[in-house]
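Here are my notes on the model you asked me to look through. Keep the picture open beside you and find each residue as we come to it.

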Amino acid sequence: MVDTTKRLDRAEIAKRVERAEKLLQKGKTAEALDEYLLVLRDDTDNDVVRQLAADLCLSLGRNPDAVKLLGDLFERQVGMGDATRASLTYKKLARHGSPTWQQKFSFGRLLEGSNKKLAVGTYEAALLDLTKLGKKQESAEILDRIVTLEPTAANLQRVAELASELGDRRAAALAFQQVAQLAAAEGGTVV
């Protein structure tokens, strides 16, 4: 019984997608978008329709709706480990809206292996968002990623200061010690 219901649902969804495509061919973009959104309501895993709906939202000037759809699509692609598609979706999301700090963090993680400089820049943007929100604990995680990619004295100093603010004496001491070791190795003094 469940299999028959699923097939009927799939058949109904296919009909709705076909209806939306016909509406698009007739130039009825808004109606096609409504149809695609109905499909997404019943088939939340349909990323092809999600992408089409986001594109239609953009063409209709419905940027907030497009940003929401693109954000959902990006998070699903990251969850599936589809770095290539997620990267393309993130770039479109960033062009048309402001990704959340979580999306920036996810994008930074995607970039770590291929473009460390861009990963650090993305992490810095997420860190700025978190600073504005006063979220120090989440900031610590992002700073750790930055230090992993760029273990400079300045970055370690930032980690040490934040750990101290958070009351994490052990992490603060370790980071301050690493700053001192870097300074000693370079023949300089600790700031």
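1. Let us begin with a term. A salt bridge is a side-chain nitrogen of Lys or Arg within 4 Å of a carboxyl oxygen of Asp or Glu. One such pair is E112 and R145, whose side chains meet with N and O 2.5 Å apart. Please keep in mind throughout that this is a predicted model.

2. Where do E112 and R145 sit in the chain? E112 is in the loop between helix 6 (101-111) and helix 7 (116-133), while R145 belongs to helix 8 (residues 136-149). With their positions 33 residues apart in sequence, the pair links distant parts of the chain. Both residues are buried.

3. Now step back to the whole fold. The protein chain has 10 helices and zero strands, so from the N terminus on you will read α-α-α-α-α-α-α-α-α-α. From the N terminus on, the elements run as helix after helix, α-α-α-α-α-α-α-α-α-α.

4. How does the overall shape look? The C-alpha trace spans about 70 × 40 × 30 Å along its principal axes. A compact globule of 191 residues would have a radius of gyration near 16 Å, whereas this protein chain has 23 Å. For a feel of the distances, try Q181 and L37: they are 144 residues apart in sequence, and their C-alpha atoms are 57 Å apart in space.

5. While you are at Q181, note that this residue is found in helix 10 (residues 169-185). Is Q181 buried, partly exposed or exposed? Q181 counts as partly exposed because its relative accessibility is 47%, and the partly exposed class runs from 20% to 50%.

6. Next, the inside and the surface. Of the 191 residues, 36% count as buried. The chain exposes about 11500 Å², and carbon and sulfur atoms supply 54% of that area. Among contacts between residues at least 6 apart in sequence, 40% join residues at least 24 apart.

7. S87 is a good residue for practising these ideas. S87 lies in helix 5 (residues 83-96). With a relative accessibility of 15%, S87 counts as buried, because the cut-off for buried is under 20%. Which residues does S87 touch, leaving out those up to four places away in sequence? The answer is F107 and L110.

8. Charges come next. The protein chain has 29 positive and 28 negative side chains, and the centres of the two sets lie 2 Å apart. How many salt bridges does the structure hold? The count is 17.

9. Look at R16 and D42, which form a salt bridge with their closest N and O atoms 2.4 Å apart. R16 is in helix 1 (residues 2-25) and D42 is in helix 2 (residues 29-42), and the pair, 26 residues apart, links distant parts of the chain. The two ends have their own settings: R16 counts as buried at 13% relative accessibility, and D42 is partly exposed with a relative accessible area of 43%. Salt bridges that share partners join E12, R16, R41 and D42 into one network.

10. One more pair for your list is D55 and K92, whose side chains meet in a salt bridge at 2.8 Å, N to O. D55 is in helix 3 (residues 47-59) and K92 is in helix 5. The two are 37 residues apart and link distant parts of the chain. D55 is partly exposed, with a relative accessible area of 30%.

Methods. Residues are numbered from 1 along each chain as its sequence is written. This is a predicted model: local features need pLDDT of at least 70, side-chain atom pairs count only at pLDDT 80 or more; totals for chains, interfaces and linings use all residues. Side-chain values use heavy atoms; hydrogens and water are left out. Helices (H or I, at least four residues) and strands (E, at least two) are DSSP runs, numbered from the N terminus. Buried means under 20% relative accessible area, exposed over 50%, partly exposed in between (1.4 Å probe, protein chains only). Contact means heavy atoms within 4.5 Å. The radius of gyration is taken over C-alpha atoms; the globule rule is 2.2 Å times the number of residues to the power 0.38. Accessible areas come from the Shrake-Rupley method with a 1.4 Å probe; for residues, only the protein chains shown count as cover. Lys and Arg count as positive and Asp and Glu as negative; His and the chain ends are not counted. The place of a charge is taken as NZ of Lys, CZ of Arg, CG of Asp or CD of Glu.
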